[in-house]
Amino acid sequence: MRAGISRFFDVIVIGAGHAGCEASAAAARTGASTLLITHSKKTIGEMSCNPSFGGIGKGQLMREVDAFDGVCARLADQSAITYQALNRSHGPAVIGLRAQIDRKLYKKYIQKELLEETPNLEVMEASVEDLVVEIRGEEKNVLRGVVLSDGSIVETKSLVIATGTFLGAEIFKGTERIKAGRIGEKSATGLAIALNKLNLKLGRLRTG
């Protein structure tokens with residue numbers, strides 16, 4: 001996309017982690033033209049070093065997502081290594097079902113689903129550096145689109161921000177601070193600055 005050329009999507013989703021994948025797939029299923037923006041298509045569906053779905057809290061969430069035809073539960077079944085019932089000795093009220101996942105298989109299946117098999121969904125490799133907001137004085141401001149790193153604008157009427165811990169992320173190594181999401185991957189720095197300009201309070205969660 002060349003600088004200054006504008007396109008329109010009903011829904012734009014920023015970030016292709018678990019939440020972003022679900023949001024973009026759900027929007028596309030409703031018939032909305034949907035754009036999923038990620039730094040790299042190769043990292044769509046990337047799982048942690050202890051890849052699993054479910055557990056005491058997340059198991060409930062998985063069932064709710066599954067009830068709406070979400071992708072993670074279905075693809076977890078396709079890529080599961082083992083299934084476990086946690087807390088079984090404490091009674092049925094606190095049993096948590098969890099599936100250990102093959103990271104490579106899950107990543108392969110979800111990339112195939114989103115990149116090749118989901119109508120109304122387009123996936124773009126780009127970085128969102130700013131937001132296009134219409135200022136209406138005392139009235140509520142209206143979001144009109146996003147500005148990409150090459151200066152081009154993509155317009156929308158609905159924006160889902162699913163950047164997770166990549167939003168304004170930093171890695172701390174002793175006294176050294178590096179702007180990054182995971183090691184070797186960019187953080188969403190420009191978007192964090194744009195949200196700060198709108199007086200939206202940002203926090204940071206410690207991971208690792």
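**View 1. Asn-120 sits in the loop between α4 (103-116) and β6 (121-125).** Keep in mind that this is a predicted model. Look at the backbone here: phi of Asn-120 is near 75°, which is a positive value in a residue that isn't glycine. Is Asn-120 buried, partly exposed or exposed? With a relative accessible area of 43%, Asn-120 counts as partly exposed.

**View 2. Asn-199 lies in the segment after α5.** Here's another asparagine to look at. Asn-199 has a positive phi of about 60°, although it is not a glycine, and you'll find it just after α5. How much of Asn-199 is open, going by its relative accessible area? The value is 72%, and because anything over 50% counts as exposed, Asn-199 is exposed.

**View 3. Helix α5 (residues 189-197) has a set of buried residues.** Step back along the chain from Asn-199, which comes just after α5, and you're in the helix itself. Which residues of α5 are buried? They are Gly-190, Leu-191, Ala-192, Ala-194 and Leu-195. Try picking them out one by one. A handy thing to know about any α-helix is that it has 3.6 residues a turn, so residues three or four places apart point the same way. Now find what lies over the buried residues of α5: the cover includes the strands β1 (7-14), β7 (128-134) and β9 (153-161).

**View 4. Helices α2 (residues 58-67) and α3 (residues 71-79) pack against each other.** Their axes are 7 Å apart and meet at an angle of about 105°. Angles of 65 to 115 degrees count as roughly perpendicular, and α2 and α3 therefore fit that description. Which residues make the contact? From α2 come Met-62, Val-65 and Asp-66, while α3 brings Cys-72, Ala-73 and Ala-76. Sort the residues of this contact by type and you get five nonpolar, no polar and one charged.

**View 5. Zooming out, the whole protein has five helices and eleven strands.** Its radius of gyration is 19 Å, close to the 17 Å that the globule rule gives for 208 residues, so the protein is as compact as a globular protein of that length. The C-alpha trace spans about 60 × 50 × 35 Å along its principal axes. Of the 208 residues, 38% are buried. As for the outside, the accessible surface comes to about 12500 Å², and 53% of that belongs to carbon and sulfur atoms. Finally, among contacts with a separation of 6 or more, 59% link residues 24 or more positions apart.

Note on methods:
Residues numbered from 1 in each chain as written. Predicted model: local features only at pLDDT ≥ 70, side-chain atom pairs only at ≥ 80, totals over all residues. Heavy atoms only, no water. Axes fitted to C-alpha atoms, helices over the stretch in contact; angles between N-to-C directions. Helix = DSSP H or I, 4+ residues; strand = E, 2+ residues; numbered from the N terminus. Parallel < 35°, antiparallel > 145°, perpendicular 65-115°, else oblique. Contact = heavy atoms within 4.5 Å. Nonpolar A, V, L, I, M, F, W, Y, C, P; charged D, E, K, R; others polar. Rg over C-alpha atoms; globule rule 2.2 N^0.38 Å. Buried < 20%, exposed > 50% of the residue type's maximum accessible area, 1.4 Å probe, protein only. Areas by Shrake-Rupley, 256 points an atom, 1.4 Å probe, with all protein chains shown as cover.
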